[in-house]
Amino acid sequence: MLGKHKDLLGIRELTADEILYILKNAQTMKYILEQNNKRTPHLQGKSIVTLFYENSTRTRLSFELASKYMGASSANVSAGSSSVSKGENLIDTAKTIDAMGADVIIIRHAMSGAPHFVAKNVKATVINAGDGMNEHPTQALLDAFTIQQYKGGFEGLKVAIVGDILHSRVVRSNIYLLTKLGAKVAVGGPATLLPKGMDKLGADVFDNVQEALIDADVVMGLRMQRERQKSGLVPSEREYARFFGIDERRLGFAKPDALIMHPGPVNRGFELTSGVVDSDRSVINEQVTNGVAVRMAILYIFARRGGAGENTN
Ligand code: CP
């Protein structure tokens with residue numbers, strides 16, 4: 001069961017049992033998604049609003065599909081085509097959505113802590129769809145669901161997360177989640193993209209991608225976040241790909257059956273070669289499929305406020 005959480009703001013606030021409870025519900029949702037008729041009445045009468053101040057394909061679309069499959073009414077507010085572009089601030093926008101009776105507000109914002117701020121000011125349940133360089137909890141949950149599907153569990157696994165660690169909210173949520181469930185996490189990337197304190201979160205830190213990859217069961221590449229880069233942090237894109245990108249040779253340091261993962265979108269030929277993205281061991285497309293199931297489970301649990309609902313099994 002889940003504790004009395006009104007909102008899903010980060011993995012940091014969840015216990016291992018709560019994470020496993022969400023993953024268990026996602027299994028039921030995945031079964032439903034595999035049927036010809038994907039519709040369920042679980043969220044009939046609920047209204048769900050996505051409020052995205054940054055671009056998204058996977059997260060926004062999977063939440064929208066998840067809402068529709070479960071019978072909720074859903075709507076999207078994009079910063080560029082709403083009154084945000086006329087200067088309305090975040091809290092006024094969120095309170096406006098709240099006043100219309102939304103049950104769930106799913107928010108992505110460039111500022112770390114924005115969903116936490118909104119959650120304190122609205123009655124609706126708030127789900128963090130990525131806040132600045134802080135957390136992306138639903139991505140870590142779908143990553144965990146995918147690892148569980150292929151590896152059966154987490155205890156004793158080594159997960160190597162490599163690339164632009166500095167700007168990644170995915171890495172923080174994954175370190176919190178994987179270490180809570182008993183996996184070891186190694187992070188690797190250029191020293192300029194390794195923030196201080198990753199070791200205190202529970203990860204082993206390497207400024208050399210190869211060392212991070214040694215004997216890994218899972219290799220997770222991260223997107224180079226060009227939109228957040230300050231100049232001078234990385235060499236040219238060609239040099240980055242040569243010294244820090246994941247290619248077939250570098251992948252040889254991981255276990256032969258290591259999974260290849262990436263949260264997407266992938267910059268092919270930069271953080272991963274096309275050969276690695278499309279290899280038999282790549283589960284990047286399965287992560288996308290699982291994203292819908294995991295977000296259905298999250299909506300099912302949280303739209304009913306604080307996990308008061310029964311397990312769907
Ligand atoms: N992984 C992820 O958050 O992708 P989007 O930016 O497409 O939502």
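This is a quick talk about a ligand and the two domains around it.

Okay, so before anything else: what we have here is a predicted model. Keep that in mind as we go.

Let's begin with the chain as a whole. The domain assignment splits it into two pieces: domain 1, which covers 16-135 + 289-303, and domain 2, which covers 137-282. So you can see domain 1 is written as two stretches of the chain. If you take the centres over C-alpha atoms, domain 1 and domain 2 sit 26 Å apart. And they do touch: 28 residues of domain 1 are in contact with 25 residues of domain 2.

Now, on to the ligand. Where does it sit? The space it takes up is the largest pocket. Which residues are around it? Going along the chain, you've got S56, T57, R58 and T59, then R108, then H136 and Q139, and finally P263 and G264. Sort that shell by class and you get six polar residues, two charged and one nonpolar. And both domains pitch in here: domain 1 and domain 2 each supply at least three residues to the shell.

Let's zoom in on a few contacts. On the oxygen side, one ligand oxygen is 2.9 Å from a polar backbone atom of T57. There's also a ligand oxygen 2.9 Å from a side-chain N or O atom of R108. Then, for nitrogen, a ligand nitrogen atom has a backbone N or O atom of G264 at 3.1 Å. And how much of the ligand does the protein bury? On its own, the ligand exposes 260 Å², and 91% of that is buried by the protein.

That's it from me, thanks everyone.

Note on methods
Residues are numbered from 1 along each chain as its sequence is written. This is a predicted model: local features need pLDDT of at least 70, side-chain atom pairs count only at pLDDT 80 or more; totals for chains, interfaces and linings use all residues. Side-chain values use heavy atoms; hydrogens and water are left out. A residue is near a molecule or strand if one of its heavy atoms lies within 4 Å of it. A polar contact is a pair of N or O atoms within 3.5 Å; within protein, one must be able to donate a hydrogen and the other to accept it, and residues adjacent in sequence count only if both atoms are side-chain atoms. Accessible areas come from the Shrake-Rupley method with a 1.4 Å probe; for residues, only the protein chains shown count as cover. On a 1 Å grid over the protein atoms alone, a cavity is a set of points where a 1.4 Å probe fits but cannot get out, and a pocket is an open set with protein on both sides within 12 Å along at least five of seven lines; lining residues have an atom within 4 Å of a point. A molecule sits in a cavity or pocket if more than half of its atoms lie within 2 Å of its grid points. Ala, Val, Leu, Ile, Met, Phe, Trp, Tyr, Cys and Pro count as nonpolar, Asp, Glu, Lys and Arg as charged, and the others, Gly among them, as polar. Domain bounds come from an automatic or database domain assignment. Contact means heavy atoms within 4.5 Å.
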